[in-house]
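Welcome to a short tour of a protein chain, written for someone who thinks at the bench. Please have the view open as you read.

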Amino acid sequence: MANFSSAPPPNLARVAVVAAGVVSPLGCGLAETSSALREGRDCVTPVTSFEVDRCRCKTAGQVSDFRLGKARDLSSHPERLHRVAQMMILALQEALAQSEGFQPELTVVGTTSGGMTFGEAYYRGLNDKASARHAASLIANYTPQKPVMDAQEAFGITAPCQVIANACASGTNAIGHAFECVRSGRYHRVLAGGYDAISELVFVGFDSLQASTPELCRPFDNERTGMVLGEGAAVLFLENFDAAQARGARILAEVVGYGISTDNHHLTQPNPSGSGARQAMESALRSAAIGPSEIDYINAHGTATPFNDAAEGKAIAELFNGVPVSSTKGMMGHSLGAAGAIEAVFSVLALQGQFLPPNINFRKGDGDLDLNVIANQAQTGQVRTVLSNSFGFGGTNASIILRACSE
């Protein structure tokens, strides 16, 4: 039996979440997002950004361009903004409004595709002389760091930025790395988050792998047939707990643990034993110096693909005894590099509102998985400690643990 309960070294700082912002298919902002989670709102809709006639899957979780329009007013060069940069601007604006005076010393973000749609436009315009005139702008704004640079510029933030691109674990890796930066004492304030927007290349890629489903996304359901894609952006402001208290900041939650692993089993499939997922969760528990029984809710990676849910579900069932579990991807799709950051915000909302987000589209449990799935409707209950999982292609696994604020 693994030992989880030994106390962490006493010189490690506590890490507070003092603000958060989110843009996703569930809504723009914490209040709208919390309402959608409580309602179990299905925000997966037919794809409108490009033609999907030749694809098996024809749906995704999408953010309306109309909702993003306000971001253009905050930028000095709105004509160059990628859609995902607009999402980042709105998420950052919300977080800044909650925590006046927060000046990050470092920014850490996760993404997988960055400004991919600008790359698509560049490629399609190679033989078009009119489009060629705009090629330099497309290239300059295509790079994965550009969305966060645009967001920081809009608000006069000059912190150096680190970008983590580690498949679907990227957003959780970014928050975990930021947590360790503050916990170690090297930094007092770090901006962390993730972003990704739907692009045709990525959409068709997942469809060609037959990882996407033409049906409803049903995480952990016995008849699950695959994932749907989503998009969005989320940020969290992490600060030394004592410093946040000293300046009178409102503390939304505390990050207490972070764990990672790589199982190296297959390019796209997790180890069916669930060993990689289990190692990441065990590492997060050791980082937090708590045992499995202290986890009140697990926000699972839960993509609804047969292999992912089986491996993650097996690891959860072996490590935890009946803890409530849900995947929120049935409501909004899988936002890839942004997923871990968005779901970390969902976890903060669960702690703040004392509710468990639902796993929608759930009909019948998988007989091979002994899981306590929060089926279809949100539940109220005492939620003090939450574990959030993000697992990606290539066996990249990451887990973080958040706790309700205590003095």
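## A first look: Arg83

Is Arg83 buried, exposed or partly exposed? This is a predicted model, and in it Arg83 has a relative accessible area of 22%, so Arg83 counts as partly exposed. The side chain of Arg83 meets that of Asp65 in a salt bridge, at 2.6 Å from N to O. This pair links distant parts of the chain: Asp65 belongs to helix H2 (residues 65-72) and Arg83 to helix H3 (residues 83-98), 18 residues apart. Asp65 is exposed, with 52% relative accessible area.

## Other salt bridges

How many salt bridges does the count come to? The count comes to 14 salt bridges. One of them pairs Arg14 with Glu254, whose closest N and O atoms are 2.9 Å apart. Here too, distant parts of the chain are linked: Arg14 sits in the segment before strand S1 (15-24), while Glu254 is in strand S9 (residues 253-262), 240 residues apart. Arg14 is partly exposed at 33% relative accessibility, whereas Glu254 is buried at 5%.

Another salt bridge joins Arg278 and Glu318, with 3.3 Å between the closest N and O atoms. Arg278 lies in helix H11 (residues 275-288) and Glu318 in helix H12 (residues 306-319), and the two are 40 residues apart. Arg278 is partly exposed, with a relative accessible area of 25%, and Glu318 is partly exposed as well, at 44%. Salt bridges with shared partners also bring Asp65, Arg83 and Glu231 together in one network.

## Cysteines

If you are thinking about disulfides, the count comes to 0. Cys217 takes part in no disulfide, and the nearest cysteine sulfur, that of Cys57, is 9.2 Å away. A disulfide needs the two sulfur atoms within 2.5 Å, so a gap of that kind does not qualify. Cys217 is buried, at 4% relative accessible area, while Cys405 is partly exposed, at 30%.

## A nonpolar patch and helix H7

On the surface, Tyr122, Tyr123, Leu126 and Ile139 make a nonpolar patch of about 430 Å². Tyr122 lies in helix H4 (residues 116-124) and is partly exposed, with a relative accessible area of 32%.

Helix H7 (residues 146-154) offers a view of the interior: its buried residues are Lys146, Pro147, Val148, Asp150, Ala151 and Gln152. Just after H7 comes Gly156, which takes a positive phi of about 70°.

Methods. Residues numbered from 1 in each chain as written. Predicted model: local features only at pLDDT ≥ 70, side-chain atom pairs only at ≥ 80, totals over all residues. Heavy atoms only, no water. Patch = residues over 30% accessible without salt bridge, like charges linked within 9 Å, V, L, I, M, F, W, Y side chains within 5 Å. Areas by Shrake-Rupley, 256 points an atom, 1.4 Å probe, with all protein chains shown as cover. Salt bridge = Lys/Arg side-chain N within 4 Å of Asp/Glu carboxyl O. Helix = DSSP H or I, 4+ residues; strand = E, 2+ residues; numbered from the N terminus. Buried < 20%, exposed > 50% of the residue type's maximum accessible area, 1.4 Å probe, protein only.
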